[in-house]
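Open the model in your viewer and show side chains as sticks. This tour goes from one selection to the next.

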Amino acid sequence: MTRDDLLGEEFTDRYTEAVEQMLDAKREHREPTRAPAEPTETGRVVDLMVALQESVRKAQAARGEDSRDAEVHEMPESNPKKTTAAKKPTRRQRGG
């Protein structure tokens, strides 16, 4: 079974074809032909902050909230980590 049998005719191995053309050109002592550059598709540029704000507005509207009704709360100060008391050394650690 060959690769073509597995993949079907809808797929083309352009890399292998290009390598074969390059090797043929080298055998014939000529410069290999360059493949035409494929046009690249340009995508739409999305401003992530605008998209996020729009998403928040839609979510608030779905919940029946108004974005002007938002309240800002101060974050409570975090408690400092408590230190544990030092354990007394065991008999083995004291050497006795």
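Is arginine 27 buried or exposed? Keep in mind that this is a predicted model. Select arginine 27: its relative accessible area is 59%, so it counts as exposed, the cut-off being over 50%.

Now add aspartate 24. Its side chain forms a salt bridge with that of arginine 27, at 2.7 Å from N to O. Both residues sit in helix α2, 3 residues apart, or about one turn of the helix. Aspartate 24 is partly exposed, at 34% relative accessible area.

Next, select the whole of helix α2, residues 14–27. Put a distance label between its end C-alpha atoms: they are 20 Å apart. Why does that agree with expectation? At 1.5 Å a residue, the 14 residues should span 20 Å.

Step just past α2 to histidine 29. Here phi is positive, about 55 degrees.

Then pick arginine 30 and glutamate 28. Their side chains meet in a salt bridge, with N to O at 2.7 Å. Arginine 30 is partly exposed, with 41% relative accessibility.

Move on to helix α3, residues 48–63. Select glutamate 54 and arginine 57. They form a salt bridge, and the closest N and O atoms are 3.0 Å apart. The two residues are 3 apart in the helix, about one helical turn. Both are partly exposed: glutamate 54 has a relative accessible area of 33%, and arginine 57 has 44%.

How many salt bridges does the model hold? The count comes to 3.

Note on methods. Residues numbered from 1 in each chain as written. Predicted model: local features only at pLDDT ≥ 70, side-chain atom pairs only at ≥ 80, totals over all residues. Heavy atoms only, no water. Helix = DSSP H or I, 4+ residues; strand = E, 2+ residues; numbered from the N terminus. Expected span 1.5 Å × (residues − 1). Salt bridge = Lys/Arg side-chain N within 4 Å of Asp/Glu carboxyl O. Buried < 20%, exposed > 50% of the residue type's maximum accessible area, 1.4 Å probe, protein only.
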